[in-house]
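The following exercises concern the surroundings of two polar side chains. Each task is followed by a solution that proceeds step by step.

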Amino acid sequence: MAIVIPIGSGKGGVGKTIFTSNLGIKLAQLGKKTVLIDLDLGGSNLHTCLGIKNRHSGVSSVINKQEDSLEEIMVNTEIENLFFVPGDTLNPGTGNLQFFTKQKLIKQINNLEADFVILDLAAGSTFNTVDFFLISSNGIIFTTPETTSVLNAYSFIKTSVFRLLFRSFKAKSMERDIIYNFVNSKLEGSGRSFSHDLLNELYAYSKDSGEIAELKIKEFRPMVLINRVENQESINLGMKLRDITWKNIGIELNFLGHLPEDKEVQASIFRRSPVILTNPGSPFPKELSTLTEKLISDIFPDQPQLYLDDDDLMTIET
Ligand SMILES: Nc1ncnc2c1ncn2[C@@H]1O[C@H](COP(=O)(O)OP(=O)(O)OP(=O)(O)O)[C@@H](O)[C@H]1O
Ligand SMILES: [Mg+2]
């Protein structure tokens with residue numbers, strides 16, 4: 001089974017698509033069969049970053065039932081071992097996914113034959129995006145050192161953990177009520193944490209429920225990557241995010257590292273050719289290559305077993 005790596009972020013424009021394209025090429029160069037999927041429905045632009053012309057059917061064709069499967073619309077790239085599934089550039093407007101369609105896509109993603117499947121997600125923490133992020137325990141959360149970006153990354157993590165716990169229990173269960181009420185009862189500044197207080201509430205309801213939730217929290221190990229880093233202060237910010245997430249949510253973030261600000265990245269977009277191919281010695285692709293080795297060694301080949309949920313209208317205050 002392929003290792004799925006979803007790339008998410010709270011704030012937009014932080015570098016997910018640039019990273020996805022260059023990471024895909026690096027993995028392919030290392031001999032790993034890699035599939036890149038543009039799941040930024042409504043804002044697909046992975047083809048541009050890969051330098052591929054926009055004339056292929058994409059995920060939207062599967063959503064509209066014009067095509068049967070992601071496997072069928074997978075495009076061969078000019079790079080050996082690298083495959084691509086476009087988003088919705090030919091068929092814009094498929095951002096709102098029905099529950100059954102999402103379920104079908106998730107199943108197909110999990111069944112792709114590859115070493116790695118990388119998902120370039122839309123920015124933000126809508127439940128549809130978070131559900132794609134939760135396909136794997138190894139998602140990467142992207143942020144820049146900008147304060148709003150870090151705060152939005154924190155919200156993304158919080159929503160993901162809420163959704164993870166919620167989907168660990170059956171629809172209409174008492175456990176779901178407990179989780180929902182806990183999250184909506186003003187967590188911030190209350191000194192109450194998921195890992196301690198929510199688990200206690202679930203344990204008080206039933207020992208089994210507490211154990212299930214505790215295991216899910218323990219196994220969920222999202223990675224964090226800080227992009228566009230220019231100084232040490234930015235790196236310290238990553239540590240702060242890690243500490244706060246641990247203290248308030250009880251999740252141990254795996255701080256994958258940081259990628260430098262690099263003007264060659266912008267130049268590569270103009271050239272429509274990924275920087276790792278045109279300028280592999282510049283700071284961004286160099287650091288990305290080091291990170292890829294760490295990523296491969298840190299992978300936890302597991303997927304959270306969750307119930308799917310059609311109750312997507314539910315909101316939480318973040
Ligand atoms: N390390 C970097 N150095 C310099 N510029 C960068 C770097 N990373 C990203 N950028 C700039 O940020 C822009 C946005 O990057 P990208 O499109 O990958 O973000 P995104 O997170 O996918 O955005 P969205 O949320 O809209 O999908 C790029 O066009 C590029 O100009
Ligand atoms: Mg993008």
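**Exercise 1: Asp262**

Leaving aside neighbours within four places in sequence, Asp262 of this predicted model is in contact with Ser282, Pro283, Phe284 and Pro285.

Task. Determine where Asp262 is located, which backbone nitrogens its side chain reaches, and which side chain of opposite charge is nearest.

Solution.

1. Asp262 belongs to the loop that joins β8 (254–260) to α12 (263–271).
2. One backbone nitrogen reached by the Asp262 side chain is that of Glu264, at 2.9 Å.
3. The backbone nitrogen of Phe284 is also reached by this side chain, at 2.9 Å; Phe284 is among the contacts named above.
4. The nearest side chain of opposite charge is Lys263, 5.9 Å away. A salt bridge requires a side-chain nitrogen of Lys or Arg within 4 Å of a carboxyl oxygen of Asp or Glu. Asp262 is buried and has no salt bridge.

**Exercise 2: Gln108**

Task. Establish whether Gln108 is buried or exposed, and identify which residues it touches beyond four places in sequence.

Solution.

1. Gln108 is part of helix α5, which spans residues 99–111.
2. Its relative accessibility is 17%. Buried means under 20%, so Gln108 counts as buried.
3. With residues up to four places away in sequence not counted, Gln108 touches Val62, Asp68, Ser69 and Leu70.
4. For Ser69, the separation from Gln108 is 39 residues in sequence, and 7.1 Å in space from C-alpha to C-alpha.
5. For Asp68, the backbone oxygen lies 3.1 Å from a polar atom of the Gln108 side chain.

Technical notes:
Residues numbered from 1 in each chain as written. Chains lettered and ligands numbered in written order. Predicted model: local features only at pLDDT ≥ 70, side-chain atom pairs only at ≥ 80, totals over all residues. Heavy atoms only, no water. Helix = DSSP H or I, 4+ residues; strand = E, 2+ residues; numbered from the N terminus. Buried < 20%, exposed > 50% of the residue type's maximum accessible area, 1.4 Å probe, protein only. Contact = heavy atoms within 4.5 Å. Polar contact = N/O pair within 3.5 Å; in protein donor to acceptor, adjacent residues only side chain to side chain. Lys, Arg positive; Asp, Glu negative; His and termini not counted.
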